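Biologist: Hey, got a minute to walk me through this one? Let me pull it up on the screen.

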Amino acid sequence: MSPWLTVVGIGENGFNGLGKNARHALLNASRIIGGQRQLDLLPACIRGERQLWPSPFTLDPVLARRGEPVCVLASGDPMFFGVGASLVRQIPADEMLILPTPSSCSLAAARMGWPLQDVVTLSVVARPVAALSVQLFSGARLLVLSNDGRSPAAIATLLRERGFGPSRLTVLEHLGGEAERRIDGIASDWTDCAIADLNLIAIDCIAEPNTPRLSRLAGLPDSAFKHDGQLTKRDVRAITLARLAPVPGELLWDVGAGSGSIGIEWMRAHPSCRALAIEADNGRQLLIEHNRDALGVPGLQLVRGRAPHALDGLERPDAIFIGGGVTREGVLDSCWAALKPGGRLIANAVTLQSEMTLMAWREQHCGELTRIHIAQAQPLGDFDTWRQALPITLLDMTKPLDA
């Protein structure tokens with residue numbers, strides 16, 4: 001089928017700013033679908049029937065017109081946090097023609113004089129602001145698509161809370177249009193001034209002197225997490241995550257999640273990594289919710305319940321970590337059955353009973369056992385000595401592809 005759908009990116013400069021192909025597609029379309037702001041940019045000479053996206057949003061108006069000459073209007077580049085990315089998941093690429101115009105991030109990078117390849121581009125459009133936390137470090141430059149006029153104040157508050165109050169903020173309104181405006185300020189001094197809903201925020205991240213360095217690599221300091229003692233400690237956590245080996249797009253089950261440290265660091269490894277934290281204790285559930293927001297992964301999903309019953313009906317994982325409950329009947333069996341072929345299962349044991357469970361499981365299903373000993377130098381009178389932490393037994397298994 002030849003292309004019947006044209007997705008036109010339109011900027012604040014409207015119809016006159018479009019190229020010949022985009023103007024031609026709009027003039028010949030029988031139907032034009034878009035948001036009110038985009039449709040209002042079209043002149044009267046465009047005769048196609050205009051249709052607003054439904055609320056709640058769905059692609060059904062486009063899919064129902066398959067084969068007709070339809071245009072969809074989008075802001076800027078439709079493939080950059082735009083409707084084009086949603087359409088290509090539903091419609092074959094050879095049935096579509098996508099005609100982008102410069103995205104707001106391209107325009108913002110030009111206004112700021114920032115090489116776009118050196119900038120992190122993000123969106124808080126219908127997304128939690130807390131997700132920005134994982135990108136914060138001194139020297140980082142961020143371009144953030146705002147949800148509305150309240151986004152800059154919310155982001156400034158987040159920066160102050162995370163120790164990045166000195167960061168420089170630039171709000172760019174109506175980029176590329178006659179109403180374009182620039183507002184500069186510092187996060188620590190930011191006031192909740194009136195800002196247009198259509199805006200983008202450029203952030204030059206600067207940390208306060210004593211702000212902790214939070215690497216994206218596994219092994220955050222234990223102090224980065226709120227916990228009640230049920231926490232996989234830093235060195236063991238780094239070893240465990242190395243064995244889990246996060247890969248973009250994969251899903252982890254963190255069973256007996258405690259404070260959520262394993263699932264949180266799994267998701268910090270890559271924006272597309274996902275995790276389910278299964279935890280029965282109400283107090284620890286609150287800790288997980290706090291930690292996931294504070295460390296920039298608000299998308300971590302909390303499953304309230306106790307394994308194995310809480311595992312019923314969950315999406316099959318690519319990897320599983322069992323940090324607690326290995327001695328509970330059915331936990332290992334349920335996890336192993338749910339794990340995808342080729343997936344990794346890592347379980348840690350600290351008690352003799354849980355260690356014996358892992359040893360018995362290994363005898364039946366193979367796998368690798370590792371004993372982890374960690375000691376830290378601590379004062380003893382006028383001298384120092386090694387203080388041995390409780391040893392950890394780690395079971396590392398990969399499910400056969402034919403299982």
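Biologist: Okay, starting with helix α1: which exposed residues does the face turned away from its buried side carry?

Modeller: That face carries Lys20, Asn21 and His24. Keep in mind that we're looking at a predicted model.

Biologist: Got it. And which residues of α1 are buried?

Modeller: Ala22, Ala25 and Leu26 are, in a helix that covers residues 20-28. Looking down the axis of α1, the buried residues fall within an arc of 95°, so they line one face of the helix.

Biologist: Why would residues a few places apart end up pointing the same way?

Modeller: An α-helix has 3.6 residues a turn, so residues three or four places apart point the same way.

Biologist: What do the buried residues of α1 pack against?

Modeller: They pack against four strands you can click on: β1 (5-10), β2 (31-34), β4 (70-75) and β5 (96-99).

Biologist: Switching topic. How many residues of strand β10 are buried?

Modeller: 6 of its 6 residues, running from 199 to 204. Both faces are covered: Asn199, Ile201 and Ile203 are buried on one side, and Leu200, Ala202 and Asp204 are buried on the other.

Biologist: How do the side chains of a regular strand get split between two faces?

Modeller: In a regular strand they alternate between the two faces of the sheet.

Biologist: And which way do β7 and β10 pair?

Modeller: In the antiparallel sense, over 5 bridges, with β7 being residues 141-145. If you want a spot to look at, Leu142 stands opposite Ile203 in β10. Strand β8 (residues 168-173) also runs antiparallel to β10, and 6 bridges join them. There, Thr170 is opposite Ala202 in β10.

Biologist: Now the greasy stuff. Which residues touch the most other members of the largest nonpolar core?

Modeller: Phe225, Leu244, Leu252, Trp266 and Leu300, out of 27 residues in that core. At least two core residues come from each of α7 (234-244), α8 (261-268), β12 (274-279), β14 (319-322) and β19 (392-398). Helix α8 gives the most, with 4 residues.

Biologist: What does Leu244 touch, skipping residues up to four places away in sequence?

Modeller: Its contacts include Leu252, Ile262, Trp266 and Phe321. Arg344 and Ile346 are also among them. Apart from this core lies another one of 25 residues, including Ile322, Trp336, Ala347 and Ala349.

Biologist: Okay, what about Glu368: where does that residue sit?

Modeller: Glu368 is in strand β16, residues 368-372. Glu368 has a relative accessible area of 40%, so it counts as partly exposed, the band between under 20% for buried and over 50% for exposed.

Biologist: Which residues does Glu368 touch, again leaving out those up to four places away in sequence?

Modeller: Arg243, Arg362, Leu394, Leu395 and Asp396. Also, the C-alpha atoms of Glu368 and Thr398 are 9.4 Å apart, although 30 residues separate the two along the chain.

Biologist: Last bit, zooming out. How many helices and strands does the chain have?

Modeller: 11 helices and 19 strands. The chain has 403 residues, and 46% of them count as buried. Its C-alpha atoms fill a box of roughly 80 × 55 × 35 Å along the principal axes.

Biologist: And how much area does the chain expose?

Modeller: About 19,900 Å², with carbon and sulfur atoms supplying 52% of it.

Notes. Residues numbered from 1 in each chain as written. Predicted model: local features only at pLDDT ≥ 70, side-chain atom pairs only at ≥ 80, totals over all residues. Heavy atoms only, no water. Core = buried A, V, L, I, M, F, W, Y, C linked by side-chain atoms within 4.5 Å. Buried < 20%, exposed > 50% of the residue type's maximum accessible area, 1.4 Å probe, protein only. Contact = heavy atoms within 4.5 Å. Arc of directions from axis to C-beta. Pairing = 2+ DSSP bridges. Areas by Shrake-Rupley, 256 points an atom, 1.4 Å probe, with all protein chains shown as cover.
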